[in-house]
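Biologist: Please select one part of this model and examine it closely, residue by residue. I should then like to know how that part relates to the rest of the chain, in one connected account.

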Amino acid sequence: MRDWLIPEFLPVIGPLDDVVVVALALRYAGRQVPRQVLLDAWPGEPRLLLRLLGDAGARRR
């Protein structure tokens, strides 16, 4: 991955910032994109996505 905030050569902290960026992006998508659109685009098991979204996707509907 690219060096988003902290360079990758720093042990633990370098890769951790990438995980945080991805988690924030998924959280944003879960809140802004309609749940059915996410389910239609999700290539994996739908119940996994529903578990990841929790109530975040359902609150805005």
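Modeller: Arg-27 lies in helix H1, and in this predicted model the residue is a useful point of entry to the largest pocket, since Arg-27 is among the lining residues closest to the centre of that pocket. Arg-27 has a relative accessible area of 49% and is therefore classed as partly exposed, the exposed class beginning over 50%. In space, the C-alpha of Arg-27 is 7.7 Å from that of Leu-53, although 26 residues separate the two in sequence. Leu-53 belongs to helix H3, which covers residues 46-53, and Leu-53 is likewise one of the lining residues closest to the pocket centre.

The pocket itself has a volume of about 260 Å³. Its lining comprises 12 residues, of which Leu-26, Arg-27, Leu-49, Leu-52 and Leu-53 are the closest to the centre. Three helices take part: H1, helix H2 (35-41) and H3 each supply at least two lining residues. The greatest contribution is that of H1, which gives five residues.

On the H3 side of the lining, Leu-49 merits separate attention. Leu-49 is located in H3 and has a relative accessible area of 6%; this residue therefore counts as buried, the limit being under 20%. Beyond its neighbours within four places in sequence, Leu-49 makes contact with Leu-38, Leu-39 and Trp-42. Leu-38 and Leu-39 fall within the range of H2, 35-41, so these two contacts join H3 to H2 by the helix limits assigned here. For the pair Leu-49 and Leu-38, the C-alpha atoms are 8.3 Å apart, with a separation of 11 residues in sequence.

H3 also holds Arg-47, as its range of 46-53 shows. The side chain of Arg-47 meets that of Glu-45 in a salt bridge, with an N to O distance of 3.9 Å. One salt bridge is counted in total. Arg-47 is classed as exposed because its relative accessibility is 65%, whereas Glu-45, at 46%, is classed as partly exposed.

Returning to H1, which spans residues 13-32, one finds a nonpolar surface patch formed by Leu-16, Val-19, Val-20 and Leu-24. Together these four residues present about 360 Å² of accessible area. Leu-16, at 46% relative accessibility, is partly exposed.

These details belong to a protein with four helices and zero strands, arranged α-α-α-α from the N terminus on. Buried residues, including Leu-49, account for 18% of the 61 residues. The accessible surface is about 5,100 Å², and 66% of that area comes from carbon and sulfur atoms. Finally, of the contacts between residues at least 6 apart in sequence, 24% join residues at least 24 apart.

Technical notes: Residues numbered from 1 in each chain as written. Predicted model: local features only at pLDDT ≥ 70, side-chain atom pairs only at ≥ 80, totals over all residues. Heavy atoms only, no water. Buried < 20%, exposed > 50% of the residue type's maximum accessible area, 1.4 Å probe, protein only. Contact = heavy atoms within 4.5 Å. Patch = residues over 30% accessible without salt bridge, like charges linked within 9 Å, V, L, I, M, F, W, Y side chains within 5 Å. Areas by Shrake-Rupley, 256 points an atom, 1.4 Å probe, with all protein chains shown as cover. 1 Å grid on protein atoms, 1.4 Å probe; cavity = no way out; pocket = protein on both sides within 12 Å on 5 of 7 lines; lining within 4 Å. Points joined across faces, edges and corners; volume = space filled by probe spheres on them.
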